[in-house]
Amino acid sequence: MRDAFLRFVRHKPALVGLVLLVMVVIAAAVASLLYPGDPFRIVGKPFQPPLTDFPLGTDMLGRDLAAAVFYGARTTLLIGFAATLIATVVGVTIGGLAGYFGGRADALLMRLTELFQTIPFFLFAILLVAVLGSSIGKIIFAIAVVSWPPMARLVRGEFMAMRNREFVQACVSMGMGHARIIVVHILPNTLSAIVVTGSLMIATAILIESGLSFLGLSDPNVMSWGYIIGSGRSVLRTAWWICAVPGVAILLTVMAINLVGDGLNDALNPRLRQL
Amino acid sequence: MPSLAYVLRRLAQAVPTVLAIVVLNFLLLQLAPGDAADVLAGEAGSATPEYMAQLRKSFGLDQPMWLQLLLYLKQVVTFDLGFSFRHGMPVSELILSRLGPTLLLMGTVLTLAVFVGVLLGSLAARHLNRWQDNLISTLTVLAYATPVFWAGLMLIVLFSVKLGWFPTSGMQKVAAFHEGFAKVKDIAHHLVLPAVTLTLFYLALYARLMRASVLEQASMDYVVTARAKGLTERQVIRRHVLRNAMLPVVTMAGVQVGAIFGGAVVVETVFAWPGLGLLAYESLFARDLNLLLGIFFVSTCLVVMVNLAVDLCYSMLDPRIELR
Amino acid sequence: MTLQRLTRNFLALAGALGLTAIAPVLAQGTPQKGGTLVMVVQPEPPTLAAYQSTAGPVGQVATKVYEGLLEYSFDLKPMPSLAQSWTVAPDGKTVTFKLTPNVKFHDGKPFTSADVQFTVMDVLKKVHPRGVNTFRAVTAVETPDPLTAIFKLSEPAPYMMMALSSYESPMLPKHVFGTGDIATHPNANRPVGTGPFKFVEWQKGQFMRLDRNPDYRKAGLPHLDRVVARFIADAGTRSAAMETQEAHIGGFNAVPPVDVKRLSGLPHIATTYKGYEMQAPIVQLDFNTTKPPFNDARVRQAVAYAIDRQFVIDNVWFGFGKPATGPISSNFKANGLYTDQVRNYNVKNGVEMANKLLDEAGKKRGADGVRFEIVHDVTPYGEEWRRFGEYVQQQLAKIGIKATLRYEDVPAWLRRVYTNYDFDLTNNWIQTLADPSIGMHRLYHSNTIKAGTVFVNNSRWTTKETDELMNKANVETDPKKRAALYHDLQKRIVDASPLVFVHELNFVTVYNKRVNNFPVSPLGLYSAMDTVWLAK
């Protein structure tokens with residue numbers, strides 16, 4: 001573990017990512033200190049470009065974009081991490097069990113996965129939000145529901161391949177328990193794939209949220225980056241900064257998450273560096 | 001080699017999945033407030049309560065829910081997708097007219113994304129932690145994190161408005177109504193921008209997956225063995241590493257089919273591409289149940305078949321995987 | 001609100017004040033023959049059954065195929081169309097139309113008074129959403145000869161003469177639509193009319209193609225070879241298509257207001273706000289007046305004072321609009337029905353006035369400064385409404401009302417607001433149309449409180465006096481007396497404030513300068529476009 005930590009901190013891009021991510025977390029934490037009150041409040045003239053009266057300018061109703069971005073960091077991080085966490089736990093459990101045990105369990109679990117996966121995911125998320133309503137908890141739920149199947153399939157594929165490896169076969173013939181084989185021998189070997197996919201999944205969750213917001217399906221009482229982009233979209237060509245500011249925020253966050261993911265990947269799988 | 005019996009068994013297994021999806025979506029849609037008659041009245045401008053009642057009756061909405069479901073299932077089993085009252089057309093006709101454009105866009109995007117993604121991914125892995133790797137990683141993440149509608153609109157601004165190379169939207173030039181080969185060329189011309197926009201988004205996934213996968217495979221014992229046997233690096237990579245590294249990529253491609261099939265709503269919106277995603281999206285908000293369920297049904301069948309194909313590919317890429 | 005609600009999708013906007021300088025390009029030079037006119041129509045119409053849907057996109061296409069008995073001039077006067085002349089009997093109860101001779105439907109069969117009788121009595125009076133109301137006084141249509149149609153009325157119906165355009169009342173062929181169930185007729189999406197263009201094909205999700213009708217009743221017309229309606233769901237792309245000249249014309253804010261300003265700077269683009277005179281939409285806030293807190297007129301007035309109308313116009317609708325004073329659009333200044341002599345809520349110290357009224361109403365502020373909490377519903381017809389909702393939320397906060405926003409999709413919102421009445425305050429817009437009797441009465445008359453009927457009286461505020469005024473105005477044939485009735489009505493409604501009248505929405509049409517002879521009537525995109533021509 002210590003080695004892994006050292007490998008991680010030696011990985012420069014990963015450190016950069018971590019620093020960025022920490023900055024986003026801090027932004028989320030200090031939002032209400034820096035900008036007390038409602039981020040939806042109208043504070044100035046609309047359509048002011050950045051670096052005028054307001055550091056990041058104002059949007060079409062004259063709301064301070066800097067305040068919106070700070071508050072948005074909260075919502076966006078919450079949605080990204082919460083949805084991914086739920087989806088990963090569900091996906092790894094279902095995919096792992098299916099891939100490891102195969103046979104009837106596999107058929108059943110994969111049927112379940114297929115069920116959720118054949119439904120066009122974005123459309124299904126829209127359907128869920130349309131039916132359940134667009135409060136933030138329901139949006140997280142909807143994103144998690146549509147996000148886990150790819151993880152399950154990926155983990156299943158890895159487990160299936162792993163199940164037939166010599167060392168697993170050896171463990172089985174030695175009479176080792178299934179739980180132990182899965183947790184100690186197979187899971188660590190699939191971790192890199194899970195981490196890589198998981199890191200992209202956070203990003204995907206953030207992007208799904210922005211897609212839903214773009215279609216007007218966000219929580220109207222909560223400020224999020226997706227919401228700012230969605231509302232600024234129609235003025236993309238006349239007031240570029242309204243989309244660009246939260247867009248860059250999403251970009252940096254997604255990039256940071258990915259770099260950290262890569263760093264973890266390399267750190268947890270030292271053999272990968274030998275190519 | 002998988003047997004025909006295996007394929008048939010898989011298809012038979014799929015039947016309950018398909019039906020379960022239809023039932024799940026049917027029930028979910030029952031939870032949504034408002035119905036097709038509300039929407040039609042809203043669009044028409046007004047309607048008397050008597051007219052609304054008559055509408056609901058002719059749509060079958062006055063029946064109890066379980067009866068509606070039973071009737072629908074009975075239809076679906078005979079591959080009759082019913083009638084879209086909103087469009088005044090059979091659902092199958094509506095879906096068929098959108099299936100071609102959808103498959104065209106989906107096929108192009110998937111092929112491009114997998115091909116370019118595998119190429120970039122292996123390239124990045126070959127040049128691990130060097131500038132090529134960093135450049136590829138940065139660019140693909142950039143492409144991935146850019147909101148699709150923003151990328152689409154920017155491509156339109158650059159390539160249609162400023163440069164005039166491609167049309168902004170649609171699938172064919174409506175002022176011309178080309179026939180024959182000119183029509184094919186015209187459609188291909190219209191396909192470029194939406195396909196590129198969507199590919200940019202999916203590319204990152206394949207490139208990253210391929211990179212990670214190549215690295216993982218390269219560290220495997222069998223590769224070390226192959227090297228020890230005296231195979232050249234090129235042979236090792238091509239014969240062993242790439243082949244095995246393709247596994248997760250193929251898995252993901254299979255998964256993505258379902259996603260792209262209906263998930264291209266945004267691109268279809270931006271480029272006015274007449275795909276199924278947009279049709280499904282519109283039918284949801286119009287509470288056009290038959291149409292929406294029909295689209296779910298067709299996409300389900302499609303994904304079932306693609307998943308089967310993916311599993312067949314598996315066994316070819318890695319003979320150790322048993323198909324049971 | 002009858003007019004197609006979905007046209008508001010994305011951008012219900014209005015051109016007006018800011019655009020007056022940009023006059024429509026008037027017809028110049030000799031019309032050139034041929035060419036394909038590409039219209040962007042937003043959203044794609046669900047059907048082409050113009051006889052049972054007043055949806056805007058349906059109207060934009062169907063009016064090229066079907067014609068009406070009358071057309072209208074910019075001063076809202078009837079003009080000949082399928083009827084070449086008409087006379088109204090002194091008692092107002094008989095209207096005789098002389099039909100234009102030698103008119104043929106697209107299938108070659110002649111157009112006769114039997115078609116008029118069939119259309120009005122069997123179709124419009126039964127299945128047309130507004131026709132039910134427009135033709136309610138018509139008891140029979142007599143057809144003494146093929147070119148004479150006599151409307152028999154149970155009482156005078158001055159408003160009916162304003163509703164005979166091809167958009168409001170399209171004339172159908174009896175030999176086609178006379179058989180089968182009209183509600184689900186197979187020809188709904190294969191229209192057969194008498195208009196300048198024939199329906200050819202509809203590729204769902206892409207375009208609709210209409211070709212020149214060589215046997216059109218007006219010799220030498222139409223100038224165009226073809227009209228194609230294109231459906232592009234994204235507003236940004238619609239603007240881009242206008243820029244690249246892939247599309248030639250788009251109205252009802254198919255091009256969003258914020259882009260209208262940008263596009264009008266381009267050398268090949270012109271804009272106009274003309275051609276919407278018969279829609280007259282008004283942006284409003286609907287109260288639920290049957291329960292606290294908005295059953296108290298003082299509370300409703302307070303909200304009306306709190307809204308800065310000019311701010312909404314400038315920042316939510318990007319300058320395209322004009323403050324509204326009451327339930328009737330200022331368009332009706334032309335025929336004297338409109339008055340601005342009503343209580344004025346659009347004042348500088350509105351927030352102060354509002355706070356005073358709320359204090360008077362006994363709505364005291366709590367320790368946190370909040371008097372009471374409400375849910376504010378946002379009409380799901382595009383982002384302007386959402387921004388408008390956010391603005392209202394902020395303004396209400398200033399007067400101590402804590403509003404939570406709720407955003408649902410179209411069917412859910414319609415159910416909530418027009419069937420279940422499960423709302424406090426919702427934003428909305430209605431069109432006062434060609435006559436207040438058709439467009440406005442439905443929002444205030446007690447007989448239009450009908451659960452399950454959309455775009456009628458959902459605030460459920462009524463008084464005997466206002467009902468009476470509307471009943472009288474329905475049958476009053478003397479224009480001066482009718483105007484006086486409406487002036488009184490406006491005063492009473494504005495005082496009680498069952499709705500907040502925010503602003504008059506004016507749509508903008510953006511078109512390529514190659515397009516000539518547009519618009520030629522107050523119906524704008526809802527007209528036949530037979531005289532439109534495209535410069536090479």
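A salt bridge is a side-chain nitrogen of Lys or Arg within 4 Å of a carboxyl oxygen of Asp or Glu. The side chains of C:Arg492 and C:Asp488 fit that description, with 3.2 Å from N to O. Please keep in mind from the start that this is a predicted model.

**A pair within one helix**

Let us stay with C:Arg492 and C:Asp488 for a moment. Both residues belong to helix H14 of chain C, which covers residues 479-496, and they sit four residues apart, about one turn of the helix. How accessible is each partner? C:Arg492 has a relative accessibility of 36%, so the residue counts as partly exposed. C:Asp488, with a relative accessible area of 29%, is partly exposed too.

**Getting to know chain A**

Chain A has ten helices and zero strands. Read from the N terminus, its elements run α-α-α-α-α-α-α-α-α-α. Along the principal axes, the C-alpha atoms of chain A fill a box of roughly 75 × 45 × 30 Å. Of the 275 residues in chain A, 61% are buried. The contacts within chain A can also be sorted by distance along the sequence: among those between residues at least 6 apart, 70% join residues at least 24 apart.

**Where chain A meets chain B**

The size of an interface is often given as the accessible area lost when the parts come together. Between chain A and chain B, the buried area is about 6000 Å², and carbon and sulfur atoms give 69% of it. Here 56 residues of chain A are in contact with 69 residues of chain B. How many salt bridges cross between chain A and chain B? The count is zero. For polar contact, the count between these two chains is one residue pair, with both residues at pLDDT 80 or more.

Which helices of chain A supply at least two residues each to the side that touches chain B? They are H4 (103-118), H5 (121-132), H6 (136-163), H8 (178-214) and H10 (240-268). H8(A) gives the most, with ten residues. By class, the residues on this side of chain A divide into 32 nonpolar, 13 polar and eleven charged.

**Where chain A meets chain C**

Chain A also touches chain C, with 24 residues of chain A in contact with 22 residues of chain C. The two chains bury about 2000 Å² between them, 50% of it on carbon and sulfur atoms. One salt bridge is counted between chain A and chain C. In that pairing, C:Glu390 forms a salt bridge with A:Arg63, and the closest N and O atoms are 2.5 Å apart. The side of chain A that touches chain C has eleven nonpolar, seven polar and six charged residues. There are also seven residue pairs in polar contact between chain A and chain C, both residues at pLDDT 80 or more.

**A look at one helix of chain B**

Helix H6 of chain B covers residues 131-145. At 1.5 Å a residue, its 15 residues should span 21 Å, and the end C-alpha atoms are 21 Å apart, which agrees. Among the buried residues of H6(B) are B:Gln132, B:Asp133, B:Ile136, B:Tyr144 and B:Ala145.

**Salt bridges across the structure**

Side chains of opposite charge can pair when their charged atoms come close. Over all chains, a search of the whole structure finds 29 salt bridges. Four of the pairs are set out here.

| Acidic residue | Basic residue | Closest N to O |
|---|---|---|
| C:Glu390 | A:Arg63 | 2.5 Å |
| B:Asp35 | C:Arg415 | 3.3 Å |
| C:Asp211 | C:Arg209 | 3.3 Å |
| C:Asp488 | C:Arg492 | 3.2 Å |

Why does the salt bridge of B:Asp35 and C:Arg415 join two chains? B:Asp35 lies in the loop between helix H1 (4-31) and helix H2 (36-44) of chain B, while C:Arg415 lies in helix H11 (residues 410-419) of chain C, so the pair links one chain to the other. With a relative accessible area of 13%, B:Asp35 is buried, because buried means under 20%. C:Arg415, at 22%, is partly exposed.

Are C:Asp211 and C:Arg209 buried or exposed? Both are buried. Elsewhere in chain C, salt bridges link C:Asp377, C:Arg406, C:Glu408, C:Arg416 and C:Asp422 in a network.

Conventions
Residues are numbered from 1 along each chain as its sequence is written. Chains are lettered from A and ligands numbered from 1 in the order in which they are written. Side-chain values use heavy atoms; hydrogens and water are left out. Contact means heavy atoms within 4.5 Å. Buried area is the accessible area (1.4 Å probe) that two parts lose on being put together, summed over both. A polar contact is a pair of N or O atoms within 3.5 Å; within protein, one must be able to donate a hydrogen and the other to accept it, and residues adjacent in sequence count only if both atoms are side-chain atoms. Ala, Val, Leu, Ile, Met, Phe, Trp, Tyr, Cys and Pro count as nonpolar, Asp, Glu, Lys and Arg as charged, and the others, Gly among them, as polar. The expected span of a helix is 1.5 Å times one less than its number of residues. Buried means under 20% relative accessible area, exposed over 50%, partly exposed in between (1.4 Å probe, protein chains only).
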